Amino acid sequence: MFWLEKSFTFEAMHYLTFHDGKCRRPHGHSYQVTIRLSGTKLETQGPKKNMLTDFSCVSRVCQNLKEKYLDHYCLNETLQTDSPTSEFIAKWIYEQLKPQLPLLTAVMVSETQSTRVWYQPETTFNNHNTHNSSQE
Ligand SMILES: Nc1nc2c(c(=O)[nH]1)N=C([C@H](O)[C@H](O)COP(=O)(O)OP(=O)(O)OP(=O)(O)O)CN2
Ligand SMILES: [Zn+2]
């Protein structure tokens, strides 16, 4: 099994409307995101030979999402929720990226140096890519 991970960062503001502490006030984070693709089969020929997926393709897809909804936005507005927690953001990113990255299995979101949330849907627990040709 191969796990391919790609990370990116973005700056954004948010507020947790119903939080019982300071997080209900508008504030910002330098978010760190890591996405994970999983599979057993590598490409056997062409420009992606011996790759699960080209990092450049993953990067392009993440960059589009970042520019359109995440970087320097108010996440309550762009993600259309009153509580954009790390959990919510991780699941949202997963659902946005999955159609373009079929091997995507998990997304991690970190708001601060000491906090991280991973989202992985149960449906991917036994995910094995079968579309690439041979080589495990
Ligand atoms: N399960 C979650 N809990 C909290 C989330 C979240 O997304 N998921 N988010 C927040 C706030 O957004 C807050 O900005 C981050 O909280 P916290 O770690 O408490 O921030 P601090 O850097 O101030 O950490 P301290 O350890 O208190 O210094 C809250 N909870
Ligand atoms: Zn916060």
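**Zinc spacing.** I began with the zinc ion (ligand 2), whose donor residues follow the sequence spacing H-x12-H-x1-H. I noted that the pair His 14 and His 29 links distant parts of the chain: His 14 is in strand S1 (residues 2–14), His 29 is in strand S2, and 15 residues separate them. I keep in mind that this is a predicted model.

**Zinc donors.** Next I looked up which atoms are the protein donors of this zinc ion. They are the NE2 atoms of His 14, His 27 and His 29, lying 2.0 Å from the zinc ion.

**Buried or exposed?** I checked two of these histidines. His 14 has 1% relative accessibility, so I count it as buried. His 29 has a relative accessible area of 14%, and because buried means under 20%, His 29 is buried too.

**The sheet.** Then I followed the strands. I found five of them in an open sheet, ordered S3-S1-S2-S4-S5, with mixed pairing. Strand S3 (73–74) and S5 stand at the edges with a single partner strand each, so one side of each has no neighbour in the sheet. As a reminder to myself, strands of a sheet pair through backbone hydrogen bonds, either parallel or antiparallel. For S1 and S2 the sense is antiparallel, over 13 bridges. I picked out one residue here: Trp 3 has Ser 38 in S2 as its bridge partner.

**Helices on the sheet.** I asked myself which strands H1 lies across. They are S1, S2 and S3, and H1 runs at about 15° to S1. H3, for its part, lies across S2, S4 and S5, running at about 145° to S4.

**A closer look at H3.** I checked the length of helix H3 (residues 86–97). Its twelve residues, at 1.5 Å a residue, should span 16 Å, and the end C-alpha atoms are indeed 16 Å apart, so the two agree. I then listed its buried residues: Ser 86, Ile 89, Ala 90, Trp 92, Ile 93, Tyr 94 and Leu 97. What do the buried residues of H3 pack against? I found S2, H1, helix H2 (75–78), strand S4 (104–110) and strand S5 (117–119).

**A loop residue.** Last, I visited Asn 50, in the loop between strand S2 (27–39) and helix H1 (55–70). Its relative accessibility is 44%, so I noted Asn 50 as partly exposed. I also looked up how Asn 50 stands to Glu 122: they are 72 residues apart in sequence, and 28 Å apart in space from C-alpha to C-alpha.

Terms used
Residues are numbered from 1 along each chain as its sequence is written. Chains are lettered from A and ligands numbered from 1 in the order in which they are written. This is a predicted model: local features need pLDDT of at least 70, side-chain atom pairs count only at pLDDT 80 or more; totals for chains, interfaces and linings use all residues. Side-chain values use heavy atoms; hydrogens and water are left out. Helices (H or I, at least four residues) and strands (E, at least two) are DSSP runs, numbered from the N terminus. Buried means under 20% relative accessible area, exposed over 50%, partly exposed in between (1.4 Å probe, protein chains only). The expected span of a helix is 1.5 Å times one less than its number of residues. Contact means heavy atoms within 4.5 Å. Donors are N, O and S atoms within 2.8 Å of the metal (3.2 Å for Na, K and Ca); water is not among the atoms, so sites may look incomplete. Two strands pair if DSSP finds at least two bridges between them. Axes are lines fitted to C-alpha atoms, for helices over the stretch in contact, and angles run from 0 to 180 degrees between N-to-C directions.
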